[in-house]
Amino acid sequence: MTQKQTTHSESDSESTTESPLETARRQLRTAASRTDVDDGVIERLKHPTRVVEVSIPLERDDGSVDVFTGYRAQHDDVRGPYKGGLRYHPEVNADECVGLAMWMTWKCAVMDIPFGGGKGGIVVDPKDLSDDEKERLTRRFAEEIRDEVGPSRDIPAPDMGTDAQTMAWFMDAYSMQEGETIPGVVTGKPPVIGGSYGREEAPGRSVAIVAREAVEYYDERLEDVSIAVQGYGSVGANAARLLDEWGADIVAVSDVNGGLYDPDGLDTRDVPSHKEEPEGVLRYDSSKTVSNEELLELDVDVLIPAAIGNVITADNADRIQADIIVEGANGPTTSTADTILHERGKHVIPDILANAGGVTVSYFEWLQDINRRTWSKERVNDELESAMLDAWADVKAEVDARGLSWRDAAYVVALNRIGEAKEARGLWP
Ligand code: NAD
């Protein structure tokens, strides 16, 4: 059964739910209506190239055998190999993988990265597995989907429930079977086996860069703005600390247990990130605490939801005070909330642009792997900065020329690039 994610709150007038695939198709329809891309191309983009389902037998530590289901969805590769995460989660299913793969297609296209969209995973709760079981499951999964992946075919990366170690096992299993070391089959690996410096902090860095550009675009100085960040993990903490370093006042941050608020600004280095001390935000000594709901509605200039999806809904969109919302998490704003915010003159910078630093540095990792070169962290950060500024300029050009929202403009940029590539290559036979 298709996993449903709530995209409107219960009290929404529409009171509907939407799966990631439905959301991705709706976004495709909206973008298509704003471009001249051929109807035949749009029709092809509604469907994935393929979805592979595999059974993965696992010998448990006690000697018994369980069989798990795994998927790999490949949406479109007109611009290059499929690229996207592998997720270990009890609610993984084929439709969800297709919807998330479509988002990856748009994300890579808006960044002008020569990849298409993929996504996959295993229906399993990783908390129920020992490390040894997780390793055996990952190696067997790598073998089951070996024909579908490869550095010029489809390149997985970490996602929910997987990490650098999972990628290392996957890369090792693939390489053993192919008879040679092939680091470029996955990204997000530990640097010692071909992972890239700067990969971990890249999504937060791109969020910070985009927030900085948005503040400047709306004629504010970063030194004069106040920022609230929901979620203090990889994305939220890295974004908050960079913006703090660049002069902004980070007045509120939170984790799953709640948030801190200090109108004079928090010292972001002293607040422990999720990695440094899981759920440790409230242990920082601050003047005031706020709930996650209150944090979203604070009187700040910039709001960065960087924790989970669907936190800005029809219920609270009317009360959001920030003028600029930069989406650090994937899908934090429901479509109804998006419309309300747009009508209220709020500017929402979409996830497919703002947090795309992750896939961009994954692309840099892949380049380093296939060229057998290692880039310094400084080079990675410099290249990321220029990639983000290029993408920002491309999206801004659509906003300026056509008065589109930032989200619509980003989708138009992505779809035009994919459409042009399909036109140039044609349909075979
Ligand atoms: P993380 O696990 O490092 O951190 C998540 C943070 O959010 C933690 O501080 C946690 O306590 C907090 N949190 C969890 N549930 C919450 C809730 N209900 N309310 C408030 N805070 C909550 O995760 P991350 O890697 O930073 O990812 C955050 C978001 O960014 C996710 O939507 C993810 O899909 C997206 N994203 C991550 C990456 C990446 O490479 N890390 C890339 C692109 C997008």
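In which loop does Asn310 lie? Asn310 sits between strand 10 (302-305) and strand 11 (324-326). The model is a predicted one, and Asn310 is one of the residues in it with an uncommon label to explain: its phi is near 55°, a positive value in a residue other than glycine. Asn310 counts as partly exposed, because its relative accessibility is 22% and the buried class ends at under 20%.

From this loop the view can widen to the whole chain. The secondary structure of the protein chain comes to 13 helices and 12 strands. Its C-alpha atoms fill a box of roughly 55 × 50 × 45 Å along the principal axes. A compact globule of 429 residues would have a radius of gyration near 22 Å, and the protein chain, at 21 Å, agrees with that. Buried residues make up 59% of the 429 residues. Among contacts with a separation of 6 or more, 67% are between residues 24 or more positions apart.

The surface and the charges can be described in the same way. The accessible surface of the protein chain comes to about 18000 Å², with 44% of it belonging to carbon and sulfur atoms. There are 45 positive and 81 negative side chains, and the centres of the two sets are 5 Å apart.

Three helices show how the parts are covered. Helix 5 (residues 164-178) has 15 residues, which should span 21 Å at 1.5 Å a residue; its end C-alpha atoms are 21 Å apart, so the two values agree. Its buried residues include Trp169, Phe170 and Tyr174. Strand 3 (82-89), helix 4 (131-144) and strand 5 (154-158) are among the elements that cover the buried residues of helix 5.

Helix 11 (residues 357-371) also has 15 residues, and it reaches 21 Å from its first C-alpha to its last, close to the expected 21 Å. Because 13 of these 15 residues are buried, helix 11 is largely enclosed by the rest of the structure. Arg372 comes just after helix 11, in the loop that leads to helix 12 (377-402). Arg372 has a positive phi of about 55° although it is not a glycine. With 58% relative accessibility, Arg372 counts as exposed.

Helix 13 (residues 406-425) has 20 residues and reaches 29 Å, close to the 28 Å expected. Of its 20 residues, 15 are buried, and the helix is mostly covered. Gly426, just after helix 13, takes a positive phi of about 75°. Pro429 lies in the segment after helix 13, and a cis peptide bond with omega of about 10° joins Trp428 and Pro429.

Two acidic residues give a contrast in surroundings. Asp76 belongs to strand 2 (residues 65-76) and is buried, with a relative accessible area of 6%. Leaving aside neighbours within four places in sequence, Asp76 is in contact with residues including Leu45, Tyr82, Thr105, Ile418 and Lys422. The C-alpha atoms of Asp76 and Met102 are 7.7 Å apart, with their positions 26 residues apart along the chain. Glu245, by contrast, is exposed, with a relative accessible area of 55%. Glu245 is in helix 7 (residues 234-245), and its C-alpha atom is separated by 18 Å from that of Gly231, 14 residues apart along the chain.

Notes
Residues numbered from 1 in each chain as written. Predicted model: local features only at pLDDT ≥ 70, side-chain atom pairs only at ≥ 80, totals over all residues. Heavy atoms only, no water. Helix = DSSP H or I, 4+ residues; strand = E, 2+ residues; numbered from the N terminus. Rg over C-alpha atoms; globule rule 2.2 N^0.38 Å. Buried < 20%, exposed > 50% of the residue type's maximum accessible area, 1.4 Å probe, protein only. Contact = heavy atoms within 4.5 Å. Areas by Shrake-Rupley, 256 points an atom, 1.4 Å probe, with all protein chains shown as cover. Lys, Arg positive; Asp, Glu negative; His and termini not counted. Charge placed at Lys NZ, Arg CZ, Asp CG, Glu CD. Expected span 1.5 Å × (residues − 1).
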